[in-house]
Amino acid sequence: MSDMTLVSTRIRLARNIDGLPFPHKLGEAHARKIIDKVESALAPVDKFSRYDICGLTELDGNILREKHLISTDLLSDSPYGSVLISADETVSVMVNEEDHVREQVILGGLALDQAYDRINRIDDILAQNVKFAYSQRLGYLTACATNLGTGMRASVMMFLPALTIQHLIDSCINDVSRLNITVRGVYGEGSRAEGYLYQISNQHTLGVTESEILDSVKSAINHIVEAEMRARELLKRDEPSLKDKIFRAWGIAENAYKLSTGEAMELLSMIRLGAHYGYIDISDADEYQKLVTNCQPANMQLLGGKNISVDDRDILRARYVAGQLHSIAKRNR
C-alpha cells in the first residue's frame, strides 16, 4: 500500500459524564467545570494547549478546523465548547461539542492499531478521573444514537484519484457499505472530496466491539486500495495523456502567479498521483500533506497576515506551493 494513498488515520471516542445533561442542555457553569476537570485529568498525559471557543477568533478557529483538530460543529454550535490539543497536535480532546468529551488521535499513514492503543490509554486515564455515562445494555451513552455502544469512529483518509476520475467511486462505496463502512469528504459528513481525498470510517458503534470495528475498517481499506490500484492501471493505458496531465499540473504549480484553494488542491492531487507512477519523486509524504493543509484559506491567511486580501492570498499561495515543491519534490524526466 502506498503512503501517498493512505494519508492519515484518526480514531475518535465519544463520551459523556454520568448525571449531567448533554451539552446542548448544559448551563455555562457546569460546562466550565467539565472543561476544567478534563484539562486537569489530561495534565499527566502530555502538555495540552487549551482553546475556549468563545475566545477564538474566526481565523484561529478555522485554522484548527482545517487541521482536523476541531469540528465545524464545535465552532458553530458550541458556545461553551473548548478543545485541548497536545504539543505535537496528534491528540485533540473536544469538550462540550455534541458530547461532553470527544477524544481523538490522528497519525500519519495507515496506523489504526497504533492510534487505538494511544487513544485507549488516554480514555483509561480520563475514566479514572471522570465517571462516564455507561449502560450494560447499550454501552457508552451518547447524544446521538448512532454513537451508542463503543462510541468509537475509526477512519482513514485516502487519496482516490483514479476511482474518482473514472467514475468508479460510487460503486466502490457501495461495495464496502456492507462492511459497516461509510465514505465522506475530507472534512467529514456533508463535505466534498477535495483533492480526491475521502474519509473511510465505520458507520455503526452499537453491537460491535472495538476490535471488530478496526477489522471492518481494515477490510474496507484493503478492498478500496485494490480497486484504486486497478483503476490506476486503467488510467495508464493512455500514458501520453496521463503524463501530459501530470506534467502540466507540475508546470502550473511551479510557475503560476496566482492559485485559488481549489486550483492548488487539483494541481497537488495530480502531482501526488504522478508520484505513484514514478513520474515525480516526493521525498516526504507527511510534509506533502502538510503542504496541502497549509494551502487552505485560513492557514494561508495566517501565513500572509490577518488582513491579506483574497487576491494577495492567492498570489502568496502560488509562491508557497512552488517553494515547497522545490524542497520536497522533483520531476523525473
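**View 1. Arg248 and Asp244 pair along helix H8**. Arg248 and Asp244 sit four residues apart in helix H8, about one helical turn. They form a salt bridge in this predicted model. Their closest N and O atoms are 2.7 Å apart. Arg248 is exposed, at 55% relative accessibility. Asp244 is partly exposed, at 37%.

**View 2. Lys243 of helix H8 belongs to a positive surface patch**. Helix H8 spans residues 239-255 and includes Lys243. Lys243 is partly exposed, with a relative accessible area of 34%. The patch is formed by Lys243 together with Lys236, Arg331 and Arg333.

**View 3. Arg317 and Asp314 form a salt bridge in helix H12**. The two residues lie three apart in H12 (residues 310-328), about one turn of the helix. Their closest N and O atoms are 2.8 Å apart. Arg317 is buried, with a relative accessible area of 0%. Asp314 is buried too, at 12%.

**View 4. Arg32 and Glu28 are bridged in helix H1**. Four residues separate them in H1 (residues 28-42), about one turn. The closest N and O atoms of this salt bridge are 3.7 Å apart. Glu28 is partly exposed, at 41% relative accessibility.

**View 5. Asp36, Glu39, Arg50 and Asp52 share a network of salt bridges**. The model's salt bridges number 17.

**View 6. Helix H6 has a buried face**. Ile169, Cys172 and Val176 are the buried residues of H6 (residues 169-177). Seen down the axis of H6, they fall within an arc of 60°, so they line one face of the helix. Asp170 and Asn174 are exposed on the other side of H6.

Notes: Residues numbered from 1 in each chain as written. Predicted model: local features only at pLDDT ≥ 70, side-chain atom pairs only at ≥ 80, totals over all residues. Heavy atoms only, no water. Patch = residues over 30% accessible without salt bridge, like charges linked within 9 Å, V, L, I, M, F, W, Y side chains within 5 Å. Areas by Shrake-Rupley, 256 points an atom, 1.4 Å probe, with all protein chains shown as cover. Salt bridge = Lys/Arg side-chain N within 4 Å of Asp/Glu carboxyl O. Lys, Arg positive; Asp, Glu negative; His and termini not counted. Charge placed at Lys NZ, Arg CZ, Asp CG, Glu CD. Buried < 20%, exposed > 50% of the residue type's maximum accessible area, 1.4 Å probe, protein only. Arc of directions from axis to C-beta.
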